[in-house]
Amino acid sequence: MRGAVLHAPGDIRVEDRADPTIEKPTDAIIRLAATCVCGSDLWPYRGIEEVSGPAPMGHEYVGIVEEVGSDVTTIRAGQFVVGSFFASDNTCEICQAGYQSRCVHAELVGAIGTQAEYARIPLADGTLVATPELPSDDLVPSLLAASDVLGTGWFGAVAADVQPGKTVAVVGDGAVGLLAVLAAEQLGAERIVVFSRHEPRQQLAREFGATDIVTTRGDEGVAEIKELTNGLGAHSVIEAVGTQEAMMQAIRATRPGGHVGYVGVSHDVQLPGDELFFSGVHLHGGPAPVRRFLPDLIELICNRTIDPGRVFDLTLPLDQAAEGYRAMDERRAIKTLLTV
């Protein structure tokens, strides 16, 4: 099969990879209908995360089940399925508490690489969720978004305790931040403020439910949030970047007693204990337990209540994955969908 492989920073190649096979009786093999490039894929692409030898890429996926292992009971060949970037059994105590990304048997799908024609998905019964029927082609991008960026943005909103009638701020205008706006709107937020300097992203944020745009960053951006909230700060802030500046901006933009939901993959973030102590801010986040939300998100998408697939503003065939990475790296695209 064909699949995307990162050989070194900036060096993505689509090449022949071995066809996946059932390795454990709990596995499933899926034929990808679509896959995509994630913002977190840019960390190793840019050399910020170490690349040690050729690495298969991709952890977002939807497709048709081709084959299942002998122990798989709830998923069958021919179904269209959506899965999370973490495989989970969905039965352990941690999964049952709603944190499937920290399942005691969790496996990172990114190590398998789903920017490919086929993929082996471990723990299929606990990881994959089938759609009610084969979806129409126009629903595939939104279902693909549910595999990561929608589920991650939704978790960011839940972790930030977004409530009806409250004010929410979103740090980050990538796909996760934009879909955190959509989630906050669905959860009833009255005011949704997005930090963004990019007009096309601002427009999409408004269409997803943003009420205010702040174009400044750091302490200047925090001051604008305070001005919008009678000097108090937002009730909920979603951090969707993963840098030191973004995390501190999120904490400082939150009112005492408010909540920060952080879902940006953390890179060298260090929290000053004294400032955090006196902020009175709740912090919660980490790798999103996408599997927790998948049934509800699939229903919202299939009912056409939400259209998260609009974050894909560049569609390319799998063989042009390298251009998809370049476009996102250069901020010419919010998110690249790869057709298979």
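Contact here means heavy atoms within 4.5 Å of each other, and that is the sense in which elements cover or pack against one another below. Keep in mind as well that you're looking at a predicted model.

Let's put that cut-off to work on helix H8, residues 218-228. Its buried residues are Gly218, Gly221, Val222 and Ile225. Looking down the axis of H8, you'd find these buried residues within an arc of 105 degrees, so they line one face of the helix. What sits over them? The cover includes strand E11 (167-171), E12, E13, strand E14 (234-239) and helix H9 (244-252). Turn to the face of H8 that points away from the buried side and you meet the exposed residues Asp219, Glu220 and Glu227. After the helix comes Asn230, with a positive phi near 55 degrees.

Now step back along the chain to helix H7, residues 199-208. The buried set here is Arg201, Gln202, Leu204, Ala205 and Phe208. Around the axis they take up an arc of only 165 degrees, which puts them on the same side of H7. Their packing partners are helix H6 (175-186), strand E12 (191-195) and strand E13 (212-214). E12 and E13 may sound familiar: they also help cover the buried residues of H8. H7 is followed by Gly209, and phi is positive there too, near 130 degrees.

One more residue of H7 deserves a look, namely Glu199. With a relative accessibility of 49%, Glu199 counts as partly exposed, because the exposed class begins over 50%. From the C-alpha of Glu199 to that of Ile213 is 10.0 Å, with their positions 14 residues apart in sequence.

For a buried spot in a loop, go to Ser88, which lies between strand E7 (86-87) and helix H2 (93-96). Its relative accessibility is 0%, so Ser88 counts as buried. Setting aside neighbours within four places in sequence, Ser88 is in contact with Cys95, Gln100, Cys103, Leu123, Gly126, Thr127 and Arg291.

Leu337 gives you a buried spot in a strand instead: this residue belongs to E18, residues 336-339. At 5% relative accessibility, Leu337 is counted as buried. If you skip residues up to four places away in sequence, Leu337 touches Ala34, Thr35, Cys36, Pro141, Leu144, Phe312, Leu314, Thr315 and Leu316. Take Leu144 from that list: it is 193 residues from Leu337 along the chain, yet their C-alpha atoms are separated by 8.8 Å.

Contacts across long stretches of sequence show up in the overall count as well. Among contacts between residues at least 6 apart in sequence, 69% join residues at least 24 apart.

Finally, zoom out to the whole protein. Its secondary structure comes to 12 helices and 18 strands. The radius of gyration is 19 Å, close to the 20 Å that the globule rule gives for 340 residues, so the protein is as compact as a globular protein of that length. Along the principal axes, the C-alpha trace spans about 60 × 40 × 40 Å. Of the 340 residues, 54% count as buried. The accessible surface adds up to about 14,100 Å², with 48% of it belonging to carbon and sulfur atoms. As for charges, there are 26 positive and 46 negative ones, and the mean positions of the two sets are 3 Å apart.

Terms used. Residues are numbered from 1 along each chain as its sequence is written. This is a predicted model: local features need pLDDT of at least 70, side-chain atom pairs count only at pLDDT 80 or more; totals for chains, interfaces and linings use all residues. Side-chain values use heavy atoms; hydrogens and water are left out. Buried means under 20% relative accessible area, exposed over 50%, partly exposed in between (1.4 Å probe, protein chains only). Helices (H or I, at least four residues) and strands (E, at least two) are DSSP runs, numbered from the N terminus. The arc is that of the directions from the helix axis to the C-beta atoms. The radius of gyration is taken over C-alpha atoms; the globule rule is 2.2 Å times the number of residues to the power 0.38. Accessible areas come from the Shrake-Rupley method with a 1.4 Å probe; for residues, only the protein chains shown count as cover. Lys and Arg count as positive and Asp and Glu as negative; His and the chain ends are not counted. The place of a charge is taken as NZ of Lys, CZ of Arg, CG of Asp or CD of Glu.
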